[in-house]
Amino acid sequence: MSKQKGIIKLVGNIGGMSFYTSNGEYLARTAGGPTKERIATGANFVRTRENNAEFGGAAKVGKAFRTALSSVIQTMGGSTLTASLTKLFKSINTKASGVRGQRPIALSTNKALAKGLELNNKISFTSVFNAPYSVTADADRVEVTFTIPNFIPKNFINAPSGATGFRIAGAVGWLSDYSFDESTLSYEPDNADQNSLSITEYSTIQPITNVGTNITLTAVAPGGLVPEAGVSVIACLGIEFYQKVDNVDYLLAQGNAMRIIEVF
């Protein structure tokens with residue numbers, strides 16, 4: 001490894017040398033490693049191509065999940081959610097049988113693996129909200145109901161500094177299983193029409209006091225959707241914190257959290 005000196009700083013490959021930056025320094029080293037073309041066609045890189053295909057599929061399913069829940073991820077998601085979802089769906093892919101590089105990614109048969117996933121890597125939902133709750137779905141998985149029986153907010157909520165109120169969010173996402181499509185050489189949803197859909201129901205903003213309250217939220221599938229067998233219904237429960245100033249509630253940037261509590 002060599003350091004670059006001089007006015008002109010280079011980044012990229014030139015004349016067999018690789019120029020790059022690291023921790024604010026401009027460095028240089030001999031370019032090495034297989035080319036992109038060699039990885040794509042070489043006989044020694046079959047396993048690499050298989051791994052790349054399945055990893056790309058896992059990332060694609062993770063993106064579909066993030067798209068479905070984009071509105072709540074903005075306030076309750078964390079910086080490593082993309083990596084966490086890719087890891088989750090790659091683990092599901094690894095459990096499947098079939099041709100390597102084309103194994104399906106079927107959440108519908110691996111629902112337990114998704115339960116408990118925190119959307120915010122810096123703070124868990126259970127660390128800020130400890131009241132008992134339950135979630136149920138009707139027989140057709142069209143309606144998902146979140147129930148939080150009577151609880152005292154001050155006793156069961158660990159609010160961030162400055163928070164005067166909170167609201168609960170029940171977010172539901174519909175996610176199809178994915179299979180490798182040989183015509184596109186990529187992973188595609190088995191049921192595109194029922195994939196990456198969502199709905200979120202919110203409670204009212206309530207004060208963090210010693211006065212008991214109970215919350216029930218019912219999320220109904222959009223457009224009369226009745227999910228098919230290969231479509232998973234992902235139920236997430238979250239909390240947002242607010243600060244009241246001059247009788248106006250302002251959303252705080254810290255303390256907000258959400259987790260997957262059930263997959264139907």
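Is D246 buried or exposed? The points below address this residue and others in the predicted model.

1. D246 is exposed, because its relative accessibility is 73%, above the 50% cut-off for that class. The residue is located in the loop that joins strand 13 (231–245) to strand 14 (248–251). Its phi is positive, near 50 degrees, although D246 is not a glycine. Most residues other than glycine have a negative phi.

2. A positive phi also occurs at S196, a residue other than glycine, where the value is near 60 degrees. S196 belongs to the loop between strand 9 (186–189) and strand 10 (197–202).

3. Helix 4 comprises 15 residues, 81–95. At 1.5 Å a residue the expected span is 21 Å, and the end C-alpha atoms are 21 Å apart, so the two values agree.

4. The buried residues of helix 4 include L81, L85, L88, F89 and I92. T86, K90 and N93 of this helix are buried as well. In an α-helix there are 3.6 residues a turn, so residues three or four places apart point the same way.

5. N120 occupies the loop between helix 4 and helix 5 (125–128). It counts as buried because its relative accessible area is 11%, under the 20% cut-off.

6. The side chain of N120 has two polar partners in the backbone: a polar atom of this side chain lies 2.9 Å from the backbone nitrogen of K122, and the side chain reaches the backbone oxygen of N256 at 3.1 Å. Beyond its neighbours within four places in sequence, N120 is in contact with M76, G77, G78, N256 and M258.

How values were computed: Residues numbered from 1 in each chain as written. Predicted model: local features only at pLDDT ≥ 70, side-chain atom pairs only at ≥ 80, totals over all residues. Heavy atoms only, no water. Helix = DSSP H or I, 4+ residues; strand = E, 2+ residues; numbered from the N terminus. Expected span 1.5 Å × (residues − 1). Buried < 20%, exposed > 50% of the residue type's maximum accessible area, 1.4 Å probe, protein only. Polar contact = N/O pair within 3.5 Å; in protein donor to acceptor, adjacent residues only side chain to side chain. Contact = heavy atoms within 4.5 Å.
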